[in-house]
Structures are given as C-alpha cells and as structure tokens.
Amino acid sequence: MAELQQSLGGLREALASAQQATQPAPAGEAKPKLDAQGRAYATGKRKNAVARVWIKPGNGRITVNGRESPIYFARPVLRMLLNQPFAVANRVAQYDVVCTVSGGGLSGQAGAVRHGISKALTLYEPTLRPVLKAQGFLTRDSRVVERKKYGKAKARRSFQFSKR
C-alpha cells in the first residue's frame, strides 16, 4: 500500500487484499512435532528433578538413564506413576520411552518422567491433549521444599523451648 491509489476501485482492491492477508489460517488438524528419527521430545519437571523424554512407537519399553524402568524405579508405586499417562490415553504398550533424569530423589524423578511423557504424548498425538489435561498430567506440580529460616531448626520447626 506504499504506492498511491489512483481510483476508488483500486483502493477497494487494496483494502480487500490487506484484509485477506490479516485473516488467520483456518484452524485445521494440529500436526505432531517430531524430530528426524520420528520421536517426540519433551521436558518434565517435579521438585528438583528434570527429565528429558523421547517417545516413539514401540512395544512399551521404558528406559531411564540407560536402565529399564523396573530396575531404576524399584517401587511399584513409582512404576505405576510412569504408566498413568498411557493408561488414561488408552495407549498402553504402544510407545517406547527413552529418558534421562537428573536431580532430586526417586519420587521427584518419577513425577518428572510422568510430566515429560504426558507432554511428549501431546506433541506426538495432539488429540490426546484434552484427556491428559483433564487428569492434570500436563500441569507442572509447583510444590518445592520450603527454605530454612534463620532462628529455626528447619523451615518452620522451632528449637525446643526451655523454661529455665
């Protein structure tokens, strides 16, 4: 529209083309975001743990830091935590998961892997987002350990009171 419009018809055409250019693209089917190997990548966090998660179609193997999940997460509750996103989405034993986790303890790491798996599933299959969001798997649990205050034994615990 830098050049000067000579007639009213030219002005109408320019205005119509400008309106078409500003129209958003039609909201079509969301496309999966995959890397060159056909995997979806996401980062999950919980407490001080950070998990980098890659998922790809497979038979349900979960590898954590180079070890199988039953070896790395020995407690059944932690293994159940990892499989929750797949169970809710009806995708049990359909994806292989490779993840690296650092920081925190085992419970925080399991929560970080679950968060990462959920995010990676939504990137691989965008139609699963409402199901996982309804269960709260896509929300990062922001609860962290409260810091210790001066004059206290721990964050809130006081020293033992002595009357004399």
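Here are some exercises on a predicted model, each with a worked solution.

**Exercise 1. Work out the order of the strands in the sheet, and find which strands sit at its edges.**

Step 1. Walk across the sheet and you get β1-β2-β5-β3-β4, so to speak a row of 5 strands forming an open sheet with mixed pairing.

Step 2. Now look for strands that pair on one side only: these are β1 and β4 (67-68), the edge strands.

**Exercise 2. Take the pairs of strands one by one and say how they run, parallel or antiparallel.**

Step 1. A quick reminder: strands of a sheet pair through backbone hydrogen bonds, either parallel or antiparallel.

Step 2. Start with β1 and β2, which run antiparallel and are joined by 7 bridges. One example is Gly44, whose bridge partner in β2 is Ala51. The hairpin of these strands has 2 residues between them, and there Lys47 takes a positive phi near 50°.

Step 3. Move on to β2 and β5. They are antiparallel too, with 8 bridges. Here Trp54 has Val98 in β5 as its bridge partner, and Lys56 stands opposite Asp96 in β5.

Step 4. Finish with β3 and β5, which pair in the parallel sense over 3 bridges. Look for Thr63, which stands opposite Val98 in β5. You met Val98 a moment ago as the partner of Trp54.

**Exercise 3. Is Arg52 buried, exposed or partly exposed, and what does it touch?**

Step 1. Place the residue: Arg52 lies in strand β2.

Step 2. Check its relative accessible area, which is 41%. Buried means under 20% and exposed means over 50%, so at 41% Arg52 counts as partly exposed.

Step 3. List its contacts, skipping residues up to four places away in sequence: Tyr41, Ala42, Val98, Cys99 and Thr100.

Step 4. Try a distance as well. Arg52 and Val64 are 12 residues apart in sequence, and their C-alpha atoms are 9.8 Å apart in space.

**Exercise 4. Now do the same for Ser69: is it buried or exposed?**

Step 1. Ser69 lies in helix α2 (residues 69-72).

Step 2. Its relative accessible area is 11%. The cut-off for buried is under 20%, so Ser69 is buried.

Step 3. Leave out neighbours within four places in sequence, and Ser69 is in contact with Ile62, Val64, Arg79 and Leu82.

**Exercise 5. Check the length of α3, then find its bend and its packing partners.**

Step 1. α3 has 13 residues, so at 1.5 Å a residue it should span 18 Å. Its end C-alpha atoms are 18 Å apart, which agrees.

Step 2. Look for the bend: α3 turns by about 40° at Leu82, and Pro85 follows within four residues.

Step 3. Pick out the buried residues of α3, namely Leu78, Leu81, Leu82, Pro85 and Phe86. An α-helix has 3.6 residues a turn, so residues three or four places apart point the same way.

Step 4. See what those buried residues pack against: β3, α2, β5, α4 and α5 (129-134).

Step 5. Go just past the end of α3, where Asn90 takes a positive phi of about 55°.

**Exercise 6. Which element gives the largest share of the largest nonpolar core, and how enclosed is α4?**

Step 1. The largest nonpolar core has 30 residues, and those with the most contacts inside it are Ile55, Phe73, Val113 and Leu121.

Step 2. The elements giving two or more residues to this core are β1 (40-46), β2 (49-57), β3 (62-64), α3 (76-88), β5 (95-102) and α4 (106-124). The largest share, 7 residues, comes from α4.

Step 3. Zoom in on Leu121. Not counting residues up to four places away in sequence, Leu121 touches Ile55, Pro85, Phe86, Tyr95, Leu128 and Leu132.

Step 4. Check the length of α4: its 19 residues reach 26 Å from first C-alpha to last, close to the 27 Å expected at 1.5 Å a residue.

Step 5. Count what is hidden: 14 of the 19 residues of α4 are buried, so this helix is largely enclosed by the rest of the structure.

Definitions and conventions
Residues are numbered from 1 along each chain as its sequence is written. This is a predicted model: local features need pLDDT of at least 70, side-chain atom pairs count only at pLDDT 80 or more; totals for chains, interfaces and linings use all residues. Side-chain values use heavy atoms; hydrogens and water are left out. Buried means under 20% relative accessible area, exposed over 50%, partly exposed in between (1.4 Å probe, protein chains only). Contact means heavy atoms within 4.5 Å. A nonpolar core is a set of buried Ala, Val, Leu, Ile, Met, Phe, Trp, Tyr and Cys residues joined through side-chain atoms within 4.5 Å. The expected span of a helix is 1.5 Å times one less than its number of residues. The bend at a residue is the angle between axes fitted to the seven residues ending there and the seven starting there. Two strands pair if DSSP finds at least two bridges between them.
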